[in-house]
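Biologist: I am new to this one, so could we go through it together?
Modeller: Gladly; here it is.

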Amino acid sequence: MISTHDARCLMHIELTEMLRCPEAHREEMLVLSTGEVRDRMVRSGLVGCPVCHKEYPISRGIVNFRRSRERVSSDRTSGPRVAYTPPSPLPSADAANLQALLELSGPGGYVVLIGSAVRQAPRLSSLMEGVHFVGVNAPVEMEEQAMLSLLYANEKVPLRSSVARGVVVGADLAISSWLVEAHRVLLRGRRFVVENEEPELPIGLLKLAAEHGLWVGEKR
């Protein structure tokens, strides 16, 4: 099992407390062991689970929670990158509109972006100063930035329950399993945005609007 040495060098120390192992057991804070650290951003290392003792690699600043041994580095060096094309045009899913829909007042906390929605992080960060973004299964060209931490996962958002001030689920992952996970990590009373007007939503969401390719609700 990895040790707690260098745990305070985490790229965003608060995010360590938010991470959880995707295996089916109680939520417990993960332990970080750093390799390369640059400007307080972890570029390589491991995070380990004190419950099941699984370890997950950090490569190029991205934490890989996939159950397979696939590494982030191989994802990024396996050939030319193909430009992402969303399933349908989403003209209203721009940063200014998303900022208004998320209805966040003041800095601090985390907004979770899933799938193609991670593309909005740079623009959203310029409008929402002081908010940190967590991107799950981002498009391949996205890279970790000072305001954006990236995670790869198979089927669960590797964050503890009820930690996010807002979530946006991209059209490419607007399916039941990811929507359930997005709901789980969202704080009660916070906004839930999906790039799909008719998603298969979990219970516990109050619908606020559905138009222009977006569904917007609030966690009860």
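Biologist: Which backbone nitrogen lies 3.5 Å from a polar atom of the side chain of Ser116?
Modeller: That of Ala171; a polar contact here is a pair of N or O atoms within 3.5 Å, where within protein one must be able to donate a hydrogen and the other to accept it, and residues adjacent in sequence count only if both atoms are side-chain atoms. This is a predicted model, in which local features need pLDDT of at least 70 and side-chain atom pairs count only at pLDDT 80 or more, while totals for chains, interfaces and linings use all residues. Residues are numbered from 1 along each chain as its sequence is written, and side-chain values use heavy atoms, with hydrogens and water left out.

Biologist: And is Ser116 buried or exposed?
Modeller: Ser116 is buried (under 20% relative accessible area, 1.4 Å probe, protein chains only), with a value of 7%, and it sits in the loop between β7 (110-114) and α4 (121-127).

Biologist: Switching to the sheet, what is the strand order?
Modeller: The sheet is open, with 11 strands in mixed pairing, ordered β1-β4-β5-β6-β9-β8-β7-β10-β11-β13-β12; strands are DSSP E runs of at least two residues, helices H or I runs of at least four, both numbered from the N terminus, and two strands pair if DSSP finds at least two bridges between them.

Biologist: Which strands stand at the edges?
Modeller: β1 (31-34) and β12 (205-211), and because each has a single partner strand, one side of each is left without a neighbour in the sheet.

Biologist: In which sense do β8 and β9 pair?
Modeller: Strand β8 (residues 132-136) and strand β9 (residues 148-152) pair in the parallel sense over four bridges, and Val134 stands opposite Ser149 in β9.

Key:
Buried means under 20% relative accessible area, exposed over 50%, partly exposed in between (1.4 Å probe, protein chains only).
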